[in-house]
Amino acid sequence: MHAVQFAEHGDRDVIEYAEVPDPEPARGEVLVDVKAGALNHLDVWTRRGLPGVDLELPHTPGSDAAGVVEAVGADVDRFGPGDRVAVAAGVSCGSCEFCRDGDPTLCPRFAIIGEHRPGVHAELAAVPAENLVPVPGGVDWPTAAAAPLVFGTAWRMLHTRADVTAGERVLVLGASGGVGHAAVQIAAHAGCEVFATASTEAKRRHAADCGADHTIDYEATDFADRVRDLTDGRGVDVVIDHVGAATYPDSLASLAKGGRLVTCGATTGPNPDAGLNRIFWNQLSVIGSTMATPGELDDVLELVWDGTLEPRIRETLPMSETAAAHRLLEDREGFGKVAVIPDSER
Ligand SMILES: [Zn+2]
């Protein structure tokens, strides 16, 4: 079979579509005939190399994929050949205090398929059965592949971590990215008034189409000032930020008294000025969030499968053109998710 691989960390030219032996499903694993994969910024970070994450090379990237069960290993009874499935990328130990308490995202041994362990951007992928969710017939493969990671992440940020309620004001930064466009839809569905930043007119139109009530061109105006203008000086209740150091000061400045900043990433750097004065005086909360629990994923995917929420696919490429998919992410071109289809499936 063919798999996306890189034998060393580096620029996009390290990515290959290599011929490798077919994987065998081990005990507890399911062999999936992959019909589509979706890219995340995590794929770019993993390719470049993350401090503290020592990968066995060559590494196959990819945290999101969907396809048909080809075979199951020993002790798998939840799935059988022919079942339609999507990958849920979070792996936990199942036995620590956090796992036993129902929140595996807090597991000290939490790992992500495609980041800390081999990924699923290949014609066939052997995946632990507990990392698969059923996909109803009628859901197309790129949609099934593109939903779990970003919609799960955004759902946990908004519903579990920020605990948003209808009528609250929510600012989503980088609304054109995977998590951003999911967060806009989830916040709008929750009845929030949604503010979204994006760099181009086309992206802002898409954000509005996803449910944003107000869109902000963060390159033309200081987004915190714009938020103040749009809210009569009050600010928003929640900011969804995955940008990091570049936006953190303005994210804090956009919050109303008692507001919550939820972060799931730091693309532009992890160490902004803490802004403690603003945090204590305005009684703000800065909240971290990573991935989603199986229960959260079930809740949000139900709304994806019935069409209430919809991953927007900006581009679908052959898997052999994964380097071009990385370029789309790195150049921040387009709106929503990039999908890849195994060349043999096209
Ligand atoms: Zn655990």
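A cavity, on a 1 Å grid over the protein atoms alone, is a set of points where a 1.4 Å probe fits but cannot get out, and its lining residues have an atom within 4 Å of a point. Here we look at a predicted model, where local features need pLDDT of at least 70, side-chain atom pairs count only at pLDDT 80 or more, and totals for chains, interfaces and linings use all residues. Residues are numbered from 1 along each chain as its sequence is written, and side-chain values use heavy atoms, with hydrogens and water left out.

**View 1. The largest cavity and its lining.** There is one cavity of 30 Å³ or more, and the largest cavity holds about 30 Å³ of space (a volume is the space filled by probe spheres set on the points, which are joined across faces, edges and corners). Around it you'll find Val-32, Val-34, Ala-65, Ala-66, Gly-67, Val-87, Val-120, Ala-125 and Val-127. Three strands, β3 (29-38), β4 (64-72) and β8 (124-128), each bring at least two residues to this lining, and β4 has the largest share with three. Strands (E, at least two residues) and helices (H or I, at least four) are DSSP runs, numbered from the N terminus. The lining counts eight nonpolar residues, one polar and no charged (Ala, Val, Leu, Ile, Met, Phe, Trp, Tyr, Cys and Pro are nonpolar, Asp, Glu, Lys and Arg charged, and the others, Gly among them, polar).

**View 2. The zinc ion and its four cysteines.** The SG atoms of Cys-93, Cys-96, Cys-99 and Cys-107 sit 2.3 to 2.4 Å from the zinc ion; donors are N, O and S atoms within 2.8 Å of the metal (3.2 Å for Na, K and Ca). Angles among the four donor atoms run from 103 to 115 degrees, making the site tetrahedral (four donors with all angles between 85 and 135 degrees). Along the chain, the donors follow the pattern C-x2-C-x2-C-x7-C. Cys-99 and Cys-107 are both buried, that is, under 20% relative accessible area (exposed is over 50%, partly exposed in between; 1.4 Å probe, protein chains only).

**View 3. A cis peptide bond before Pro-58.** Most peptide bonds are trans. The one from Leu-57 to Pro-58 is cis, with omega near -5 degrees. Pro-58 belongs to the loop between α1 (41-48) and β4.

**View 4. Positive phi at Asp-232 and Arg-332.** Most residues other than glycine have a negative phi. Asp-232 has phi near 50 degrees, in the loop between α7 (223-230) and β13 (236-241), and is exposed at 76% relative accessible area. Arg-332 has phi of about 55 degrees, in the loop between α11 (322-330) and β17 (337-341), and is partly exposed at 45%.

Definitions and conventions:
On a 1 Å grid over the protein atoms alone, a cavity is a set of points where a 1.4 Å probe fits but cannot get out, and a pocket is an open set with protein on both sides within 12 Å along at least five of seven lines; lining residues have an atom within 4 Å of a point. Four donors count as tetrahedral if all angles lie between 85 and 135 degrees; four count as square planar and six as octahedral if opposite donors are over 155 degrees apart and all others between 65 and 115; anything else is irregular.
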